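I opened this notebook to record what I looked up, beginning with the contact between two chains and then turning to one chain by itself.

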Amino acid sequence: MSKREFITMDGNEAVAHVAVRTNEVIAIYPITPSSPMGEWADQWVSEDLKNIWGTIPSVAEMQSEGGAVGAVHGALQTGSLSCTFTASQGLLLMIPNMYKIAGELTPSVFHVSARTVAAHALSIFGDHGDVMSTRQCGWAMLCSNSVQEAHDFALIAQAATLESRVPFLHFFDGFRTSHEVAKIEVLTDDDMRAMIDYQHVLAHRARCLSPDHPVLRGTAQNPDVFFQTREACNKFYAACPDITQKAMDKFAKLVGRPYHLFDYVGAPDAERVIVAMGSGCETAHEAIEYMVKQGEKVGLVKVRLFRPFDTKRFIAALPASVKAVAVLDRTKEPGSAGEPLYQDCLTAAFEEGRALKIVGGRYALASKEFTPAIVKAVFDNLKADRPKNHFTVGINDDVTHTNLPFDPSFTTESPKVVSALFYGLGADGTVGANKNSIKIIGENTDNWAQGYFVYDSKKSGAMTVSHLRFGPDPIRSTYLVTEANFVACHQTVFLERYDMLQYVKPGGVFLLNAPWSAEEVWNHLPRVTQQQIVDKKLRFFTIDAVKVARDSGMGGRINTVMQVCFFAISGVLPKDEAIEQIKYSIKKTYGKKGDDVVQMNLKAVDNTLSNLHEVKVPAAVSSNAELLPPVTSNAPAFVREVLGEISANRGDLLPVSAFQPDGTFPTATTQYEKRNIALDTPVWDPATCIQCGKCAMVCPHACIRGKVYEAALLANAPAAFKSVDARDPEWKKSGCKFTIQVAVEDCTGCGLCVDICPAKNKTQTKLKAINMAPQPPLRRQEAVNWDFFLALPDVDRRRLKVTSIPQQQLQRPLFEFSGACGGCGETPYVKLASQLFGDRMIIANATGCSSIYGGNLPTTPWATNPDGRGPAWCNSLFEDNAEFGMGYRLSIDKQKQFAEELVRALAPRIGDVLATGLLTADQKDEAGIYEQRIRVAELKGKLARLQQENDATAKSLATQLLGIADMLVKKSVWIMGGDGWAYDIGYGGLDHVIACGRNVNLLVMDTEVYSNTGGQMSKATPRGAIAKFAAGGKPAGKKDLGLIAMSYGNVYVASVAMGARDEHTLRAFLEAESYDGASLIIAYSHCIAHGINMTTGMQNQKAAVASGQWLLYRYDPRRAAAGQNPLQLDSRKPTIPVEQYLLMENRFKMLTKSNPEAAKTLFKQAQDDINTRFAYYEYLAARPFGAAAKPEQPLPPAAPAA
Amino acid sequence: MDLTTTYLGMTLRNPLVMSACQPLSEEISNIKLAEDSGAGAVVLYSLFEEQLLTDAQELHSHTTAGTESFAESLSYFPEPSQYHLGPEGYLKHIQKAKAAVTIPVIASLNGCSIGGWTEFARQIEQAGADALELNIYWIPADMNLSGAQVEQTYMDIIKAVKGAVKIPVSVKLSARFTNIANMAKRLDDCCADGLTLFSRFYQPDIDLDSLEIKPRILLSTPQSLRLPLRWIAILHGRVKASLAASSGIHNAEDVIKMLMAGANVTMLCSALLKHGIGHLRTVERDMARWMEEHEYESVKQMWGSMSQVECPDPGEFERAQYLRAVTTYRPA
């Protein structure tokens, strides 16, 4: 037997470690928080990792979870050991096949990082909503509560499924377990081989479909036999609990960790007991150990095997002394008699004749905190004669009053534990360094270690909070650190907004990265921070980590510097030993990335200690500076009182009544955040500017805008407000002024605007018409200018020539200040659509990046114009977005039709002129829409008067028409999403919707990977690109979605790249929207997942088009109707070899470093693809069409193969 | 007709060498074509240490950018267990080239640190290169850096590399030295086995539309050969090192002139980029024809025959030539 090692890893890796070694066929699809399991599988297999039987498993990414489960089903039926990983909606998509797999008694394990299911809102966080939705499928359900258990149960499940033939769903809590980094004892291959009886594998193989011993499964049965055959499986379910326990016993004997289907912990004479599943059990376990020591008679039953539910074992697990039981469900089943675990426990008690007081409650939905204080509250409830039933705990339900009160100050954490909190920016590497620290401590000392990381809801300027614990005993605290021995603030900007020291213990340590000296730093702290330091008698250290990092060649990544500081101050390890370990770790981590990278990190280590200083803390507070409010003072009440509290990290304290019960939120709320995250921001130079509008067009965050206005309006302009004569001849002759204004407080500092600016300063060509400058000195002045700018009237949309970018860009964006990555390649398209059509736009948004930056709380970037109009937005699912949007269209068209019918019916009462005007309105342009809105306003007035009349019929018709009169004004339906949706999971729906020919506009923001889940391969991923699930470089070519869409003939199709030709993009958007049918715009979107400099992302777009990797074209069926070729190829012949473009992006270049031979082959094939595809498109665009076409045409070039 | 020559201690079948240039030598099939077209040797494109460092840093930067920031996308790339960030690709290329041809394969190295120069030189030797050309392409833009310091850097590099490898080492020189002859002598004293005259420094251009500096590579013209011709003629017979002529060699006459000036070999690049690698065969054929017409039996016969020491009027290579040129020139 090989020796087991203690290694730190997260739950996903711990599970994948076993799954990959005990399976042969693994079908995967990305979904948070389970994606890393598939990523590990793909990576290990690409590195030739063999399973315990000596063969490399086959890993295949499918187009959806529905596809993955289908592939698993097929693999199982043909005798392979097969598994998959998923969560949430993904698991729901597997349900139909789960019934089949179970019905066919097929052994398999699905590993699920349990996540809530989208209802009133999507959430990526953990609860049991998803797994509970599958409890009826006939799968065994095994729950693990910690990283070690997830590792162990992955194997126990595999052993038990093979023997029992009942498929197993092994689940553990999303994020809390899947992403918690912990020190675990890692099972060896020998352990795995010992656990799995190969006879059961052979039995599985023997049952497989084979023409050598043919059988048939999946028959269609009739009422005569279906029932009996369905009952035939009963004995397998009856045997499953015993088999599972047998596997657990074998595991205990082998490894030394005993598990039972129901594990009881607590007082042997407990009177009050909690029953629960998942990571919350660890917290409850910790709390109960503490309470028992205090003399409380309490206990906990950890439910391991939830299905099949063994009622006898459950009852047997409860001490005879138990009087009251609280069953905690981490899910909500509205309208039920109780949540699932509660109902099972009730049934068990009833059937086993055990008289118990049993209540049920809901806790910790979507990773809500579950702390010892909450555990105590549940036990306190059980003390009552009539404990509250169907309770909630951990929230304030002031509407239906379900919640139990709790005292947050109750803690049970061991004093032997050292806990630390680190506040960092995503970009500074804080989390990575902390994971490394856990590794150092966990793997080099006897200490146990735990790390959990909390991330921001924004993708740019995101704050990360690392929660670390170290101690001599196993750590069960599956809740956030609130009593830290050590707090580090890695960015001074946090000091302005947050009480950084709220969670530090008295006598603890505060480490601040700041640009000030040890003597100066105190005076830069806000009052609340000084107060905490003085009151809690903290030791205070400071370092200018940015300077140390820069001097060491590390740029802005201060991770190594701060890590050294942590070890130097915290005393977790002797300083010298810690530094030695850090250096060893640096060599191990970065060695493969070259000696230069190693050396700069080592240099940073050596440079740190001499720059770390302890601050002499004054006896009294001297600062008057208060924390900045989370939102501006002019924000509406809801924004201040609800959204602002979420921004300030106080969302947990908001009561149920603060929210709409149906998930509705106001739009236009990002404007109140003023995140001030840019270090540098653009500054406009009016003298150099040519007023082309390109800067405004590419700005991903709508932070740079232009306006043309009457000169007289400048009378009250702030002193620093800049303006210049408008250059456009029409406005120039009327003496209008022009201004480009930057919202410096909302800007992310990405620099795309500067990069795209074509105007250069005549005397200093390094300067353009916009140049980056440090933001802090500009903040106050430009905030005043921004307010003045916003108050200037927008140019009348009817006067704008929308086909001209300089004029079109004067349209107000109705999508602003999103949380997308700085320099995002998608949002400029979204913003453009909002400018052009936002006041009449309704959006169906596929789940993905765009649904996150578009709809992730606290604030929403979709905005309104001064009339209060703006895009209405909803996210249904990932897979159904096209259909969802088509539903909008069907609904709107139906209501419009009905409204027109009512107008006709009421024409004698509202006047024929108005009725005719309403019914025949030409709404092709802004003026037409404007006129129609006036007509509708007039109509509404008349209808209101009709409602007052006694004519019952007219009154009824008027009432009906009033409800839908707005539908008489054109509505623009937009269906948006990324390539994961359009090419893969939602492709079937997209295909159907475009084929239907309804007037919808589909915008595919093609980043060529699943960006939101971390860059997994999609069918849009080009050949040769490295992506997750394509670690060896994607061998297949990109799917030509546009060509497929064109094949219908009645679909408008455009392929655009704003950075290559912005006017082409604009034209395509206008044409698409004006086409009365389905339109598909495929928009090249550079992305952080491409491994590029995001500041120059538009240059990558340009190169993609110049190389022919991305084609610009428009296919307009209206041209065909006019006898013209509908396809216009707008790309010129490639001017650069594709390799030149590919080497600009890490996703391709990386392959030259990881597998140079494959890179050479795939890059050559990529060039061949381009040559073939361009020739084919040239042919299609050049061929005579309609009457000009002759019957005998030369054969076209072969269509490019994907 | 004996076209053989000696270069860096090696006997070449003729003095036509394919110069270091990426488009010419990055494909093994092209190296084979050069041999088939009659090349006496090939110099592979340069291994740039700076590029390797930049690549490593870029890779690190791009694989860490945006990571650990957002809960759904904690990273954007898989993390392979191994990268080929060193010169492995180049070394493999040397091995493949050696396996593909019988003519000498000369590697080219462009370092940016002493450690880089020596370590890569060692690896290049181990990979099987027959010789190594050091391409010291350096624009000293620092106003505080003296000419002596610049020159010393060259000496330090050649000493270090020579100390590290046993294969012959040549230095590709810039023409921008106060006294090229002195530089050549000092390099010769440092045991450089060969000098390649000269490295063509690509000069930047201004794009008036975009107001940007553009590299815009200009291929050499036959007129470019005058400068190396002069210095090869001056150095011939005065240094032990082999002399390679580079710049402006387009046809057989150019080759012959260089040989007569004293070059051991001539390196062709622009002509091959323009006319294809097969152009070597034309040059070789024309050269043989000229020699036959002029009754030369071997390259050795003409080697250095027009060098400063052997020519009838040595002053023509120095100031006297300048004086005569400017005083006798009349516009046509």
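Before counting, I noted that two residues are in contact if their C-beta atoms, placed from the backbone, lie within 7 Å. I also noted that this is a predicted model.

Entry 1, the contact. I looked up how many residues each chain brings to the contact: chain A gives 38 residues and chain B gives 32 residues. On the side of chain A that touches chain B, I found four helices that each supply at least two residues: H2 (35–46), H15 (430–444), H21 (595–608) and H41 (1146–1154). H41(A) gives the most to this side, with four residues. I then sorted this side of chain A by class and recorded 13 nonpolar, 15 polar and ten charged residues.

Entry 2, confidence. For the complex, the predictor gives an ipTM of 0.92 and a pTM of 0.94. I read an average pLDDT of 92 for chain B, where 96% of the residues score at least 70. Among the elements of chain B, strand E3 (residues 16–18) has the highest mean pLDDT, 98, and helix H13 (residues 319–328) has the lowest, 65.

Entry 3, the fold of chain B. I listed 13 helices and twelve strands in chain B. The radius of gyration of chain B is 22 Å, close to the 20 Å that the globule rule gives for 332 residues, so chain B is as compact as a globular protein of that length. I noted that the C-alpha trace of chain B spans about 80 × 45 × 45 Å along its principal axes. Of the 332 residues of chain B, 47% count as buried.

Technical notes:
Residues are numbered from 1 along each chain as its sequence is written. Chains are lettered from A and ligands numbered from 1 in the order in which they are written. This is a predicted model: local features need pLDDT of at least 70, side-chain atom pairs count only at pLDDT 80 or more; totals for chains, interfaces and linings use all residues. Ala, Val, Leu, Ile, Met, Phe, Trp, Tyr, Cys and Pro count as nonpolar, Asp, Glu, Lys and Arg as charged, and the others, Gly among them, as polar. pLDDT is the predictor's confidence in each residue, from 0 to 100. The radius of gyration is taken over C-alpha atoms; the globule rule is 2.2 Å times the number of residues to the power 0.38. A residue is buried if 20 or more other C-beta atoms lie within 10 Å of its own, exposed if 12 or fewer, and partly exposed in between; C-beta atoms are placed from the backbone.
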